[in-house]
Structure formats: C-alpha cells, structure tokens
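Thanks, everyone, for making the time this morning. I would like to walk you through one model, beginning with a side-chain detail and then stepping back to the chain as a whole.

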Amino acid sequence: MWKRATLICTLVCFGLAGCQKKSSSETQIPPEEINRKNPIDSSPSSIAEGQRLYHATDCAMCHGKEGEGKGVLAKDISMNIHDWRDPAALAHFTDGELFYIIVKGKGRMPGYEGRETPEQVWQMIAYLHSMRGTGSSPKS
C-alpha cells in the first residue's frame, strides 16, 4: 500500500498523472484538427506497434491494460475514464480529436507532444480502434 501511494505521489509531482486542470481554452480542439484523418493504415503491424506503445507509455496506468478505463492510477484518484472497448465511447471522437488530445492533453490528461512521434500517436489510435467490442457489454 505504501509503495502504491509513493508511486502515485511521484507521478503527480512529475506531472505524469496530469492532475493539473487545464483551462477550457486549452481543451478547445481547432476544427482543422477535428477533421484530420489517420494517415496510418490499420494493419496488424500498426495495431501491434500501437499496443506496444500504449503499454510502454503511461496510457495503461489510467486507461487500463485492456482499455477498460480502470487503470491503477484512475482508480486511486477517482478518475472517470472512457472504456475504449465500448464502441459508443470511440463514436464520440474523430481520429483527429483523439490525436489532438493525446498530443496536447485534455482535462487531467497530460499531452504527449515531444514524447511520441506523430506516427506513434496514430498507431496508438489504430490500437484504440482495435479494442472496440473486445470487453464486456457496454456501460449504460
């Protein structure tokens, strides 16, 4: 328990948990970004690389190992995160919006600009799409 609390405090202190609230102007996604299309073909290799990156970065800590939105950090700081396995969750976002949010951050999620290349971000988005329908029944 003590190790877990220390890990959480460390992540928060270094900004990896993204616990600082961003202003509403920082979460406004420009229209040209919303309409961006994923230039990476969704193939077994791009999905596999997206999966590797998802687990190698901080994604699974909040979004869960399987994209269920129940990662260790999300539970510990009471974050309500999308279940990416639920097709309805992804239906609310264009690929451009997902790209922008991953790169720039939104709410308590930090941006990963400079930590991941654009190609890597697009691969993670391909992986998110591959999660659809892999979990239990969608939440009501």
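Let me start with R36, which lies over the face of F99, at 4.4 Å from the ring centre. Please keep in mind as I go on that this is a predicted model, and that the values I quote are computed from its atoms.

Turning from a charge over a ring to rings beside rings, the count comes to three aromatic pairs. One of them is formed by W84 and F93, whose ring centres are 5.8 Å apart, with 65 degrees between the planes. Why do we call the pair edge-to-face? Because the angle of 65 degrees is over 60, which is the cut-off for that class.

Are the two partners, W84 and F93, buried or exposed? W84 has a relative accessibility of 6% and F93 has a relative accessible area of 17%, and since buried means under 20%, both residues therefore fall in that class.

Now to the chain itself, where buried residues make up 41% of the 140 residues. The accessible surface comes to about 8,300 Å², and carbon and sulfur atoms account for 56% of that area.

As for secondary structure, the chain contains nine helices and two strands, and if you read along the sequence you meet the pattern α-α-α-α-α-α-α-α-β-β-α, so that the two strands follow one another before a final helix, as the definition of numbering from the N terminus lets us read it.

Finally, on contacts: of those in the chain with a separation of 6 or more, 64% are between residues 24 or more positions apart.

Notes: Residues are numbered from 1 along each chain as its sequence is written. This is a predicted model: local features need pLDDT of at least 70, side-chain atom pairs count only at pLDDT 80 or more; totals for chains, interfaces and linings use all residues. Side-chain values use heavy atoms; hydrogens and water are left out. Rings of Phe, Tyr and Trp (its six-membered ring) pair if their centres lie within 6.5 Å; planes under 30 degrees apart count as stacked, over 60 as edge-to-face and the rest as tilted. Buried means under 20% relative accessible area, exposed over 50%, partly exposed in between (1.4 Å probe, protein chains only). A charge sits over a ring if NZ of Lys or CZ of Arg is within 6 Å of the ring centre and within 35 degrees of the ring normal. Helices (H or I, at least four residues) and strands (E, at least two) are DSSP runs, numbered from the N terminus. Contact means heavy atoms within 4.5 Å. Accessible areas come from the Shrake-Rupley method with a 1.4 Å probe; for residues, only the protein chains shown count as cover.
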